[in-house]
Amino acid sequence: MVIAFAAETVCAQSPHAVADTTLKPVSAFAGIENEQRRSLALFLEASKVISSPRCMNCHPAGDRPTQGDAMRPHQPLVLRGPYGFGMTAMQCSNCHRATNSDDGHVPGNPRWHLAPITMAWQGKSLGDICRLLLDPARNGGKDMPALVKHTAEDSLVGWAWHPDRGRRPAPGTQLQFGALIQAWIASGAACPR
């Protein structure tokens, strides 16, 4: 049986502020008996995080990140570079330190960088992002256990819930997000169209 849900395209051109700041727990989906429907519902709940500016800004479709809740092009002008850490003269670490700099309003993490271009999310539908997440050739070589670990434990992903002053955190918590991803995979990893 095919489940047809149209998935909204997540665009860099329009602010994609997430109105709902909460995530439902995995247990909230236990009443959905059809496993494929439950899996899809779990992914759509997790997509509140995936489509938040905290995540989308570092998953640009091109070589320039976006920033802020409005997802404006990064200022100053910076480019991805060969490994996602910026160009030689303008590395991410020139401004982004190990921790947030509230005085300078600059986010921080010791590994601050862009997601690989193969993991570009901006401008893609949630269905396209879903299929990308499941493809080790495009998701940084992650099998499903590694994908769960990445979403639930990676400190750079975790920054989304601890942004610097003036930025809204991603919905819920990193632990909830990881649990949703794990339950989505366990229930068949259904993707919207």
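Reader: What makes the approach of the Asn-109 side chain to the backbone nitrogen of Arg-111 a polar contact?

Author: In this predicted model, the side chain of Asn-109 comes to 2.8 Å from the backbone nitrogen of Arg-111, and a polar contact requires a pair of N or O atoms within 3.5 Å. The distance of 2.8 Å lies within that cut-off, so the pair is called a polar contact.

Reader: Why is Asn-109 called buried or exposed, and where does Asn-109 lie?

Author: Asn-109 belongs to the loop between β5 (90-91) and β6 (124-125). Its relative accessible area is 5%, and because buried means under 20%, Asn-109 is called buried. Leaving aside residues up to four places away in sequence, Asn-109 touches Arg-97, Ala-98, Thr-99, Ser-155 and Leu-156.

Reader: What makes Ser-125 count as buried, and which backbone nitrogen lies 3.0 Å from its side chain?

Author: Ser-125, which is placed in strand β6, has a relative accessible area of 11%, and this is under the 20% limit, so Ser-125 is buried. A polar atom of the Ser-125 side chain lies 3.0 Å from the backbone nitrogen of Asp-128.

Reader: Why is Leu-79 called partly exposed, and what patch does Leu-79 help to make?

Author: The relative accessibility of Leu-79 is 39%, and because partly exposed covers the range between 20% and 50%, Leu-79 is given that name. Leu-79 sits in the loop between β3 (72-73) and β4 (86-87), and together with Leu-77 and Met-87 it makes a nonpolar surface patch of about 270 Å². Residues of a patch need over 30% relative accessible area, and the 39% of Leu-79 therefore satisfies that condition.

Reader: How do you know that the span of helix α1 agrees with its number of residues?

Author: Helix α1 runs over residues 35-50 and holds 16 residues, which at 1.5 Å a residue should span 22 Å; its end C-alpha atoms are 22 Å apart, and therefore the two agree.

Reader: What caps the N-terminal end of α1, and what covers its buried residues?

Author: The cap is Asn-34, a side-chain oxygen of which lies 3.0 Å from the backbone nitrogen of Gln-36. The buried residues of α1 include Leu-40, Phe-43 and Val-49, and among the elements that cover the buried residues are α2 (53-56), α3 (126-133) and α6 (174-186).

Reader: Why does Pro-171 count as buried or exposed?

Author: Pro-171, found in the loop between α5 (155-158) and α6, has 3% relative accessibility, which is under 20%, and so Pro-171 counts as buried. The C-alpha atoms of Pro-171 and Trp-161 are separated by 7.6 Å, although the two residues are 10 residues apart along the chain.

Terms used:
Residues numbered from 1 in each chain as written. Predicted model: local features only at pLDDT ≥ 70, side-chain atom pairs only at ≥ 80, totals over all residues. Heavy atoms only, no water. Patch = residues over 30% accessible without salt bridge, like charges linked within 9 Å, V, L, I, M, F, W, Y side chains within 5 Å. Areas by Shrake-Rupley, 256 points an atom, 1.4 Å probe, with all protein chains shown as cover. Salt bridge = Lys/Arg side-chain N within 4 Å of Asp/Glu carboxyl O. Helix = DSSP H or I, 4+ residues; strand = E, 2+ residues; numbered from the N terminus. Buried < 20%, exposed > 50% of the residue type's maximum accessible area, 1.4 Å probe, protein only. Polar contact = N/O pair within 3.5 Å; in protein donor to acceptor, adjacent residues only side chain to side chain. Contact = heavy atoms within 4.5 Å. Expected span 1.5 Å × (residues − 1).
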